[in-house]
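Trainee: Could you pick one part of this model and take me through it slowly? I'd like to know how to read it, and how it sits in the rest of the chain.

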Amino acid sequence: MPEKVAPGPVHDAHCIREAVCIDTKKIFDSCKDKDCIEDLRFYPTQDSQCAIDRAVNVKPCKAELLSVYIDVEPVCFNRGFYTVDVRYYYRVTADAFVGAARPVEISGLCVFDKRVILFGSESSAKVFTSRASTDGPDEQMRKCSVPTAVVEAVDPIVLGMKLVDVCECHHCDCEITEIPPCICACFGSELCFSHENRRLYVTLGQFSLIRLERDTQLLTPIYDYCVPEKECACGSGSCEDDPCEIFRHVKFPVDEFFPPNQATQGEGCYREIKNCCC
């Protein structure tokens with residue numbers, strides 16, 4: 001009987017029991033990006049726009065990534081490659097300073113579009129499973145030959161924010177024509193897209209990973225079934241253990257009775273004061 005193998009690094013001394021075929025996702029291509037997104041148009045809520053029109057200065061607070069829309073299309077002139085169009089939806093908050101009063105918190109929407117080209121291989125097979133699909137058969141058949149795009153991203157870093165008058169010209173100041181209802185529901189009131197006197201532009205730093213993957217069958221070695229060795233800990237008072245026995249294993253809280261030992265710093269300060277007095 002071979003020695004039991006636990007998940008982790010495998011040594012040559014362990015014997016492979018059998019080879020099995022598994023169905024999993026295979027990553028065909030991926031990329032990472034560090035985007036500095038300059039001068040994104042800030043679409044505030046109605047209440048926030050009133051504060052922006054009267055503000056003398058604006059201080060950025062934070063940005064939150066609400067959702068990502070992804071679209072994958074094949075590249076006509078290069079077989080096996082696909083364009084991945086990604087649209088990021090952000091909720092940005094800031095403090096607007098109106099006169100000498102306390103700052104007013106404002107929030108709004110920022111949108112960033114990105115396109116990358118990755119290799120996703122080719123496949124013309126139509127895959128059907130017994131699992132129910134809400135997309136319907138037509139939608140399922142249309143997407144079966146296109147790889148799946150996956151975007152991993154963290155909340156961006158707010159690098160800057162500036163306040164400008166509407167009359168000032170601004171490059172790439174495109175209007176958003178349609179916002180998904182789920183994004184609009186993330187704000188307390190309706191967003192303002194026009195008829196404003198002043199506008200905000202935000203600069204964000206975004207880290208992201210984008211990859212293309214497909215369902216594939218791989219042959220992999222197997223050692224044994226992965227059976228957990230750790231026993232489940234009791235919770236919610238369901239254990240029958242002796243409470244005094246549990247208390248005996250609790251470490252004595254020395255720091256609760258005695259202050260932390262700062263003798264070294266204290267002696268150093270004393271010597272410094274003594275030398276100054278002399």
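Mentor: Sure, let's look at a nonpolar patch on the surface, and then step back to the rest of the protein.

Some ground rules come before that. This is a predicted model, so local features need a pLDDT of at least 70 and side-chain atom pairs count only at pLDDT 80 or more, while totals for chains, interfaces and linings use all residues. Residues are numbered from 1 along each chain as its sequence is written, and side-chain values use heavy atoms, leaving out hydrogens and water.

Now find Val154, Ile157, Leu159 and Phe207: these four form the patch, and together they have about 370 Å² of accessible area. That area comes from the Shrake-Rupley method with a 1.4 Å probe, and for residues only the protein chains shown count as cover. To join a patch, a residue needs over 30% relative accessible area and no salt bridge; nonpolar side chains (Val, Leu, Ile, Met, Phe, Trp, Tyr) are joined within 5 Å, like charges within 9 Å. A salt bridge, by the way, is a side-chain nitrogen of Lys or Arg within 4 Å of a carboxyl oxygen of Asp or Glu.

Zoom in on valine 154. You'll find valine 154 in the loop between strand 5 (148–153) and strand 6 (157–165). Strands (E, at least two residues) and helices (H or I, at least four) are DSSP runs, numbered from the N terminus. Valine 154 counts as partly exposed because its relative accessibility is 46%; buried would be under 20% and exposed over 50%, with partly exposed in between (1.4 Å probe, protein chains only).

For a contrast, try threonine 216 in strand 7 (residues 198–222). At 17%, threonine 216 counts as buried. Leaving aside residues up to four places away in sequence, threonine 216 touches Ile22, Asp23, Thr24 and Lys26, where a contact means heavy atoms within 4.5 Å.

Stepping back, the protein has 6 helices and 7 strands, and 29% of its 278 residues count as buried. How far can you trust it? pLDDT, the predictor's confidence in each residue from 0 to 100, averages 80 over the protein, and 77% of the residues score at least 70. Residues 264–278, though, stay under 50, and the model has 0 contacts for them beyond four places in sequence. Where pLDDT is low, the predicted coordinates should not be read in detail.
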